[in-house]
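The following report examines a protein model, beginning with individual residues and then turning to the sheet. Please keep the structure in view while reading.

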Amino acid sequence: MIKEMTPREFLERRTAGAELTLLDVREDWETALAPVPADHLHIPMGRIADRLSELDPAQETVVICRSGGRSLQVAH
């Protein structure tokens with residue numbers, strides 16, 4: 001099931017001890033312009049298939065991008 005989560009909800013859950021993987025699917029140049037301050041995994045959308053093994057299927061993954069389109073595609 002795919003559920004939307006606000007940045008605040010993510011931080012509150014993580015602070016409360018939830019084990020969440022934050023997956024950033026933006027391109028390298030985008031992460032350089034606007035870095036994510038939290039501990040995260042960066043895999044550009046075009047490389048997800050090659051690096052899928054880096055994700056733990058037993059752990060909830062929260063996917064982010066610049067505006068939501070790519071993260072929704074990757075989440076599906």
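Arg51 is part of helix H3, which spans residues 48-51. The model is a predicted one. Arg51 has a relative accessibility of 18% and therefore counts as buried, since buried means under 20%. Its contacts, apart from residues up to four places away in sequence, are with Leu41, His42, Ile43 and Pro44. The side chain of Arg51 also makes a polar contact with the side chain of Glu54, at 2.6 Å.

Thr21 belongs to strand S1. With a relative accessibility of 15%, Thr21 counts as buried. Once neighbours within four places in sequence are left aside, Thr21 is in contact with Leu55, Gln59, Glu60, Thr61 and Val62. A polar contact links the side chain of Thr21 to the side chain of Gln59, at 3.1 Å.

The two side-chain polar contacts are listed below.

| Residue | Partner and distance |
|---|---|
| Arg51 | Glu54, 2.6 Å |
| Thr21 | Gln59, 3.1 Å |

The strand that holds Thr21 is part of a sheet. How are the three strands of this open sheet ordered? The order is S2-S1-S3, and the pairing is parallel. Strands S2 (41-42) and S3 (60-64) are at the edges with a single partner strand each, so one side of each has no neighbour in the sheet. In general, the strands of a sheet pair through backbone hydrogen bonds.

Strand S1, residues 20-24, pairs with S3 in the parallel sense over five bridges. Within this pairing, Leu22 has Val62 in S3 as its bridge partner. Helix H1, residues 7-15, lies across S1 and S3 and runs at about 145 degrees to S1.

Conventions:
Residues numbered from 1 in each chain as written. Predicted model: local features only at pLDDT ≥ 70, side-chain atom pairs only at ≥ 80, totals over all residues. Heavy atoms only, no water. Pairing = 2+ DSSP bridges. Helix = DSSP H or I, 4+ residues; strand = E, 2+ residues; numbered from the N terminus. Contact = heavy atoms within 4.5 Å. Axes fitted to C-alpha atoms, helices over the stretch in contact; angles between N-to-C directions. Buried < 20%, exposed > 50% of the residue type's maximum accessible area, 1.4 Å probe, protein only. Polar contact = N/O pair within 3.5 Å; in protein donor to acceptor, adjacent residues only side chain to side chain.
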